[in-house]
Amino acid sequence: MSVNNEFRPKIVAFCCNWCSYAGADLAGTNRLQYPADVKIIRVPCSCRVNPMFILRAFQRGADGVILCGCHPGDCHYTSGNYFARRRMTLLFSMLDYLGIEKERTRVEWVSAAEGAKFAATMNDFVDTVTKLGPNRRLEDLRCKN
Amino acid sequence: MEALIPQVVVCTDVRRDTPDVKTFRILTPDGKKPFVNIPGQCAMLSIPGVGEAMFSITSSPTNKEYMEFSIKKCGCLTEWLHMIEPGQQLTIRGPYGNGFPVDTALKGKDLLFIAGGIGLAPLRSVINYCRDNRADYGTIDIIYGSRSKDDLVDYKEIIDEWMNTPGVNVHLTIDREQEVWDGHVGFVPNYVKELNPDIKKTVLMCGPPIMIKFTLAGLKELGFEDTQIYTTMELRMKCGIGKCGRCNIGAKYVCKDGPVFRFDQLDELPNEY
Amino acid sequence: MYSIKKEALGSLLAAIGAKRKLYVPADNAGLILFTPYADGVSVNLSRNPDVSAKDFFFPQVENICRFKVCGKTVDVIDNREKNEDFVVFGVRACDVKSFEVLDNVFLSEPVDGYYKDRRDHSLIVTLACSKPLETCFCGTFGIDCAAPGGDVEAYACGDSYAFRAITEKGEAFLAELSLENGGDEAVEACKAKINEIKAKLPLSDLTTEGFGGGKTKDLFNNPKWAELSASCLGCGTCTFVCPTCQCYDIRDFDTGNGIQRYRCWDSCMYRDFTKMSAGQPRPSQLERFRQRFMHKLVYYPENNNGLFSCVGCGRCLRKCPQSLNIVKVMKALREDD
Amino acid sequence: MQELIKKGKELFANGTVDRIIGWTRGELPYDREIRVFRCAECFEKDFVYDAFCGANLSKYLIEESGKEGKIGVFLKPCDSYSFAQLIKEHRIKKENVYAVAIECYGKCDSRALADSVEDAIYWITDNGPELKIDTVSGAVVRNTYDYMLEKCAACKTKKHAPGCDETIGDEGEKVDDCTRFDIVAKLEAMTPEERFAFWRGELSRCIRCNACRNVCPACSCEHCVFDNPASGISQKAAADSFEENNFHIIRAFHVAGRCTDCGECSRVCPQHIPLHLLNRKFIKDINELYGEYQAGENPDERAPLTNYTKADCEPSVVYKRGGKN
């Protein structure tokens with residue numbers, strides 16, 4: 001067996017229960033390929049994700065974190081994703097300000113019907129993060145060994 | 001051996017005593033007692049990842065086979081402990097604290113044990129020690145109260161063993177009337193006064209702070225002196241060896257200089273416990 | 001006594017640093033912090049460093065052990081770091097005294113092996129305080145900043161530094177460096193000058209009268225505590241910059257592939273310090289504030305033959321966000337008499 | 001200062017207040033501590049208002065306004081925004097506070113001043129533009145403007161927030177040429193590597209004493225997430241560089257949109273970490289992305305993070321703006 005030393009990023013995807021998680025499901029039932037490096041965490045609404053979730057994902061070894069929610073205007077709870085949008089914008093801007101590669105974080109709106117978009121987004125995000133290499137600036141060394 | 005590094009032990013048996021108290025039997029992986037202790041001493045039990053806390057050792061040192069801890073569910077670690085099954089490994093370090101002066105001040109004395117609720121846990125160690133060394137002590141009176149019959153810790157042992165030991169008198173009480181209960185009903189402080197114990201006895205007391213407060217007042221009314229009354233204390237602890245600073249009351253560290261104090265010693269300390 | 005020219009300090013430090021790990025007081029964002037010696041480090045010996053030297057022996061975070069948990073089994077692994085010999089340069093008299101205060105805690109039975117190992121691997125080069133500050137009151141606790149002690153004593157006298165070995169370890173250390181003899185007279189002059197300044201310090205008249213073991217009853221219920229503690233924020237600054245504060249917490253961190261048990265500095269000023277599921281013996285900031293000072297001025301001396309657990313370094317005077325400090329407490333509590 | 005003392009005595013005399021919170025002389029020549037004065041006499045004797053009164057009194061009012069009686073307080077312009085914001089958040093009971101707006105021309109950074117003098121300081125005389133410092137080895141003079149607190153050097157406004165009961169002296173104006181975002185902008189213009197190195201250098205000094213959190217008027221939670229063992233992040237110490245970053249990002253984030261930029265966090269930090277640069281980054285972003293917003297200024301306006309518009313920018317805006325790559 002050959003050992004593959006190629007870097008495979010760990011990606012955490014927070015998916016809103018009502019749209020994006022269903023979108024991921026659709027991608028699966030349609031047999032659309034996206035890398036297995038993406039670990040999906042289902043949340044009730046994109047607004048449920050607080051900044052600490054994102055940071056802790058990085059702490060525990062994620063190389064990229066993506067948040068998927070309903071398209072603006074389509075939130076199951078009317079306005080959750082609007083709040084999430086502001087929050088994540090400010091958080092990502094702050095991470096960038098601290099010198100953490102801004103491509104490691106992303107927000108994407110994926111509806112339940114957009115299985116193809118989900119797969120495409122994940123493929124693209126995994127590619128981007130793979131190019132960036134492992135997360136070094138926001139890692140917790142204690143979690144490494 | 002580093003004091004802060006614990007040893008691994010196995011919980012070989014879990015016994016439910018009351019709805020919120022379980023007794024855990026602890027042995028080393030090769031089936032021995034983890035260490036030797038004096039009645040009234042404590043040990044740091046821990047579930048790695050959950051936390052570490054100080055518990056009084058409930059079993060008597062005369063029990064050479066195993067060590068027991070009676071633990072009430074009241075916080076984060078204790079809730080986890082209540083969920084474990086036999087065979088689970090835990091960690092332990094100890095023994096810590098001074099323990100009761102069973103071989104010195106208490107020797108040859110008539111003893112009066114007063115306990116409320118889970119307060120029996122540390123006293124059970126002493127009671128069983130005294131029962132096993134029956135000749136060394138005078139009469140033993142035990143006054144034990146709890147909220148209800150179901151909340152009496154070690155009820156089976158009390159009925160089957162303590163009550164059948166010569167020279168041991170057990171007085172049980174519960175807070176409120178219960179159909180299945182034909183014994184005494186009422187709070188411990190009042191029951192103590194009712195029983196009007198001989199003031200030559202030495203008192204060992206443990207229970208909730210409010211019980212201690214009123215029982216102490218009652219005992220003093222009856223003519224007991226502070227120097228006759230022992231209690232065992234509980235404060236937040238982390239290191240167990242008098243270094244981390246949190247169980248500090250006055251110049252004493254409860255983990256090292258306590259947990260057993262005589263009331264005249266407590267009087268010397270600032271009232272911060 | 002050995003002596004070198006001031007310009008030669010850099011090459012001396014380089015020579016020490018080549019053999020052992022060396023920490024020197026250096027500039028950092030307007031602070032002076034003990035920093036690992038390396039080329040380009042800007043050594044600053046003008047005043048006592050902002051963070052005490054206790055970190056070298058009692059670091060803010062220290063691994064105790066690691067647990068591997070697998071099903072119902074638990075493995076304990078001692079994964080503490082191995083210490084190598086190190087030298088700390090420029091420690092002042094107050095911090096040296098603080099090591100004694102810490103030793104009484106950590107080296108009493110049962111000995112704290114983590115602390116002891118670090119102590120054994122250390123060599124302390126002290127520096128006499130040529131310019132004590134308005135916040136300095138080490139004299140109150142009988143500490144002479146002109147005779148700092150440690151393994152090797154250093155004096156900044158005029159255009160040279162003089163060194164004197166205090167311990168055998170220090171003797172061997174100085175012998176290795178092959179320095180020139182001399183400097184005795186300059187040191188005496190330097191000491192005389194320090195003593196002259198010491199007498200003029202604003203806090204030079206502060207005494208420990210009224211404090212010490214056995215004073216609990218006199219001080220504990222003093223009504224002044226309420227006002228003294230009123231503006232305390234409950235942060236841990238005073239305890240963390242203090243060279244003698246030694247309270248710690250033990251915590252578990254789930255790393256995802258094992259549990260790391262570590263200890264870290266804790267502060268009696270924090271409300272969760274004594275909080276139990278059963279209650280809180282120190283419910284308000286008044287009790288927490290009182291505990292800190294009572295411990296330093298009464299409880300600790302009671303257990304340690306009258307040695308106070310304050311060394312007068314003055315860091316809490318400078319660093320408290322709201323200007324509370326031990327000097328104020330001592331003065332206020334004494335006013336009654 | 002005399003005017004303030006006169007006002008304070010008047011408030012005591014006419015029964016408006018039964019106590020006043022203010023500054024008083026501390027142990028050292030540059031120390032000012034905070035005290036609650038309970039009588040006109042002690043107020044007259046001990047109250048001080050001078051160049052060293054940098055501390056913001058607003059946070060104390062959370063507790064004090066919950067007590068019986070009415071408390072008087074003197075608010076500098078920047079303090080008044082914290083005060084107004086806390087009222088907006090229903091953390092201060094306004095009916096129990098009598099707030100007097102007072103002028104401020106910048107306060108001295110006493111630590112920096114003390115550090116600049118090598119000898120023990122006996123006394124400091126404030127002569128306006130210069131400070132005369134008497135030391136053990138003679139007097140030295142320092143230029144007041146060189147030792148201003150950062151928050152004062154980059155003062156944003158001399159105008160008080162609404163909500164004060166009266167004003168002593170003239171109401172000031174907003175500072176037009178405020179420079180408070182200059183360093184933020186400078187950092188944004190750096191490369192991510194430079195920014196990362198900059199922040200590592202600063203944050204690695206953190207000793208997690210929590211002074212920044214405890215002094216912050218916006219950090220008014222009864223139980224902080226960092227003290228909650230169940231939150232999974234209450235690590236108490238900066239056990240890893242991640243913890244340092246995490247603490248400071250989350251601390252700043254939790255006050256984003258509520259932070260009035262009063263500068264207390266940077267003033268109290270014993271390790272000289274420029275914490276205001278984190279808070280100002282959020283303020284700058286909010287201003288640029290969601291419109292100018294000053295916390296505490298408008299009691300009826302919704303805070304930017306509890307508000308939204310349908311036309312808000314997408315988070316991907318971060319890829320385009322901000323720092324270069």
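Reader: Among contacts in chain B between residues at least 6 apart in sequence, what share join residues at least 24 apart?
Author: Good place to start, and do keep in mind that this model is predicted. Chain B is built from seven helices and 15 strands. If we take its contacts between residues at least 6 apart in sequence, the part that joins residues at least 24 apart is 71%.

Reader: Does the radius of gyration of chain B agree or disagree with that of a compact globule?
Author: Chain B has 273 residues, and a compact globule of that length would have a radius of gyration near 19 Å. Its C-alpha atoms fill a box of roughly 50 × 45 × 35 Å along the principal axes, and 53% of its residues count as buried. The radius of gyration of chain B is 18 Å, so the two values agree.

Reader: What radius of gyration does chain C have, and what would a compact globule have?
Author: Let's first look at what chain C contains: 11 helices and 12 strands. The C-alpha trace spans about 65 × 60 × 40 Å along the principal axes of chain C. For 337 residues, the globule value is near 20 Å, which agrees with the value for chain C, 22 Å.

Reader: How many of the residues of chain C count as buried, as a percentage?
Author: A residue needs 20 or more other C-beta atoms within 10 Å of its own to count as buried. Of the 337 residues of chain C, the share that counts as buried is 51%.

Reader: Is C:Lys5 buried or exposed?
Author: You can find C:Lys5 in strand E1 of chain C, residues 2–5. A residue with 12 or fewer C-beta neighbours within 10 Å is exposed. C:Lys5 has 11 such neighbours inside 10 Å, so this residue counts as exposed.

Reader: Which residues is C:Lys5 in contact with, leaving aside its neighbours within four places in sequence?
Author: Sequence distance and distance in space can tell two stories here. C:Lys5 and C:Gly158 are 153 residues apart in sequence, while their C-alpha atoms are 9.2 Å apart. Leaving aside neighbours within four places in sequence, the contacts of C:Lys5 are C:Asp159 and C:Ser160.

Reader: How many residues of domain 1 of chain C are in contact with domain 2 of chain C?
Author: Chain C is divided into domain 1 (2–55 + 81–200) and domain 2 (216–250 + 264–334). Their C-alpha centres lie 28 Å apart. Domain 2 of chain C brings 18 residues to the contact, and domain 1 of chain C brings 22 residues.

Reader: Which chains have the most contacts among the five pairs that touch?
Author: Touching is not a given for every pair: chain A and chain B do not touch, and their nearest C-alpha atoms are 14 Å apart. Among the five pairs of chains that do touch, the most contacts are between chains C and D.

Reader: How many residues does each of chain C and chain D give to their contact?
Author: The contact takes 43 residues from chain C and 37 residues from chain D. On the side of chain C, the elements that give two or more residues include helix H5 (184–200) and strand E12 (259–265). By class, that side of chain C has 21 nonpolar, 12 polar and 10 charged residues. To repeat the two numbers you asked for, they are 43 for chain C and 37 for chain D.

Reader: Are H1(A) and H4(A) roughly parallel or roughly perpendicular to each other?
Author: Two packed helices are described by the angle between their axes and the distance between the axes. Helix H1 (residues 20–29) and helix H4 (residues 115–132) of chain A have axes 7 Å apart, at an angle of about 90 degrees. Angles of 65 to 115 degrees count as roughly perpendicular. H1(A) and H4(A) are therefore roughly perpendicular.

Reader: How many nonpolar residues are in the contact of H2(A) with H10(D)?
Author: Helix H2 (residues 51–59) of chain A and helix H10 (residues 241–254) of chain D pack at about 170 degrees, with their axes 11 Å apart, and are therefore roughly antiparallel. Among the residues making the contact are A:Leu55 of H2(A) and D:Phe242 of H10(D). The contact has two polar and no charged residues, and its nonpolar residues number seven.

Terms used. Residues are numbered from 1 along each chain as its sequence is written. Chains are lettered from A and ligands numbered from 1 in the order in which they are written. This is a predicted model: local features need pLDDT of at least 70, side-chain atom pairs count only at pLDDT 80 or more; totals for chains, interfaces and linings use all residues. Helices (H or I, at least four residues) and strands (E, at least two) are DSSP runs, numbered from the N terminus. The radius of gyration is taken over C-alpha atoms; the globule rule is 2.2 Å times the number of residues to the power 0.38. Two residues are in contact if their C-beta atoms, placed from the backbone, lie within 7 Å. Ala, Val, Leu, Ile, Met, Phe, Trp, Tyr, Cys and Pro count as nonpolar, Asp, Glu, Lys and Arg as charged, and the others, Gly among them, as polar. Domain bounds come from an automatic or database domain assignment. Axes are lines fitted to C-alpha atoms, for helices over the stretch in contact, and angles run from 0 to 180 degrees between N-to-C directions. Angles under 35 degrees count as roughly parallel, over 145 as roughly antiparallel, 65 to 115 as roughly perpendicular and the rest as oblique.
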